[in-house]
Amino acid sequence: MTLVVAFLTIFAAWRFGNWRDWRKYYPTILFTIIVNFLITILTYNHSLWHFEKTLFIPNHVLADIFMKFLNYPAIVLLYLSRYPYNSRLPRQLTYLISWVVVFSLIEWMFVCTKITTYHNGWNIWWSIVVWVFMFIGFRIHHTRPLWAWLLCFVGTAFLVFYFHLPITKLK
């Protein structure tokens with residue numbers, strides 16, 4: 001199922017994404033990968049979620065890398081290249097909410113099929129909050145990167161303190 005979602009995401013980005021202007025979205029793609037690696041490092045010894053072994057992806061780390069370098073670039077490209085920049089706020093909110101709903105449902109499907117498991121107080125509601133911040137972060141980073149970094153650091157600090165991530169015990 002992981003590969004099916006990845007294939008569909010990449011296909012949708014290929015078919016509907018703005019590949020001519022991919023360089024416009026490249027900084028946000030890198031931002032997304034960096035932030036996700038930061039979270040991976042901070043939660044390594046205190047997992048909030050875990051990607052279980054599947055037929056083609058044998059462990060959490062490889063699943064995480066797979067998502068960072070295949071899924072997230074396609075998602076960023078597709079999300080930003082179709083974003084209704086010149087529309088009114090209700091249309092932009094509808095766009096954001098539709099993306100959050102789709103990816104929350106995909107994650108819920110992964111949880112129901114035990115491809116993803118939650119730990120240490122994490123649940124689907126926290127994931128929905130992360131999806132909201134992630135899609136807002138894409139949009140902010142695309143036009144105001146420093147504000148996106150600020151949002152990222154505030155959100156990361158919240159995760160560290162709220163979920164008691166043992167950052168002093170990192171290697």
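A residue counts as buried when its relative accessible area is under 20%, and as exposed when that area is over 50%; anything in between is partly exposed. Keep these cut-offs at hand for the stops below. The model on screen is predicted.

**Stop 1: Gly17**

Select Gly17, in the loop that joins helix 1 (2–16) to helix 2 (22–42). Its relative accessible area is 18%, so Gly17 is buried. Next add Ser81 to the selection. Gly17 and Ser81 are 64 residues apart along the chain, yet their C-alpha atoms are separated by 5.9 Å. To see the surroundings, show Ala12, Leu77, Leu78 and Ser81: Gly17 touches these residues, when those up to four places away in sequence are not counted.

**Stop 2: the largest nonpolar core**

Now select Ile75, Tyr79, Trp99, Phe103, Trp131, Phe135 and Phe138. These residues have the most contacts inside the largest nonpolar core, which has 33 residues. Colour the helices to see where the core comes from: helix 1, helix 2, helix 3 (60–81), helix 4 (89–112) and helix 5 each supply at least two of its residues. Helix 3 gives the largest share of this core, with 11 residues.

Centre the view on Tyr79. Which residues does Tyr79 touch, not counting those up to four places away in sequence? They are Tyr95, Leu96, Trp99, Phe135 and Phe138. A second core, separate from the one just visited, has 10 residues, including Tyr118, Trp122, Val160 and Leu165.

**Stop 3: the largest pocket**

Turn on a surface and look for the largest pocket, which holds about 960 Å³ of space. To find its centre, select Asn36, Tyr72, Val130, Trp131 and Met134, which lie nearest to it among the 41 lining residues. Trp131 was also selected at the previous stop, as one of the residues with the most contacts inside the largest nonpolar core.

Which elements line this pocket with at least two residues each? They are helix 1, helix 2, strand 1 (49–51), helix 3, helix 4, helix 5 and helix 6. Helix 5 provides the largest share of the lining, 9 residues. Coloured by residue type, the lining divides into 27 nonpolar, 11 polar and 3 charged residues.

**Stop 4: Asn120**

Move to Asn120, in the loop between strand 2 (116–118) and helix 5 (124–143). Asn120 is not a glycine, but its phi is positive, at about 55°. Is Asn120 buried, partly exposed or exposed? With a relative accessible area of 41%, Asn120 falls between the two cut-offs and is therefore partly exposed.

**Stop 5: after helix 6**

Follow the chain into the segment after helix 6, where His164 is found. His164 also has a positive phi, about 50°, although it is not a glycine. Its relative accessible area is 62%, so His164 is exposed.

Finish at Leu170, which is placed in the segment after helix 6 (145–162). Leu170 has a relative accessibility of 28% and therefore counts as partly exposed. Show Ile41, Leu42 and Asn45 as well, since Leu170 is in contact with them, leaving aside its neighbours within four places in sequence. Then select Trp149: Leu170 and Trp149 are 21 residues apart along the chain, and their C-alpha atoms are separated by 22 Å.

Note on methods
Residues are numbered from 1 along each chain as its sequence is written. This is a predicted model: local features need pLDDT of at least 70, side-chain atom pairs count only at pLDDT 80 or more; totals for chains, interfaces and linings use all residues. Side-chain values use heavy atoms; hydrogens and water are left out. Helices (H or I, at least four residues) and strands (E, at least two) are DSSP runs, numbered from the N terminus. Buried means under 20% relative accessible area, exposed over 50%, partly exposed in between (1.4 Å probe, protein chains only). Contact means heavy atoms within 4.5 Å. A nonpolar core is a set of buried Ala, Val, Leu, Ile, Met, Phe, Trp, Tyr and Cys residues joined through side-chain atoms within 4.5 Å. On a 1 Å grid over the protein atoms alone, a cavity is a set of points where a 1.4 Å probe fits but cannot get out, and a pocket is an open set with protein on both sides within 12 Å along at least five of seven lines; lining residues have an atom within 4 Å of a point. Grid points are joined across faces, edges and corners, and a volume is the space filled by probe spheres set on the points. Ala, Val, Leu, Ile, Met, Phe, Trp, Tyr, Cys and Pro count as nonpolar, Asp, Glu, Lys and Arg as charged, and the others, Gly among them, as polar.
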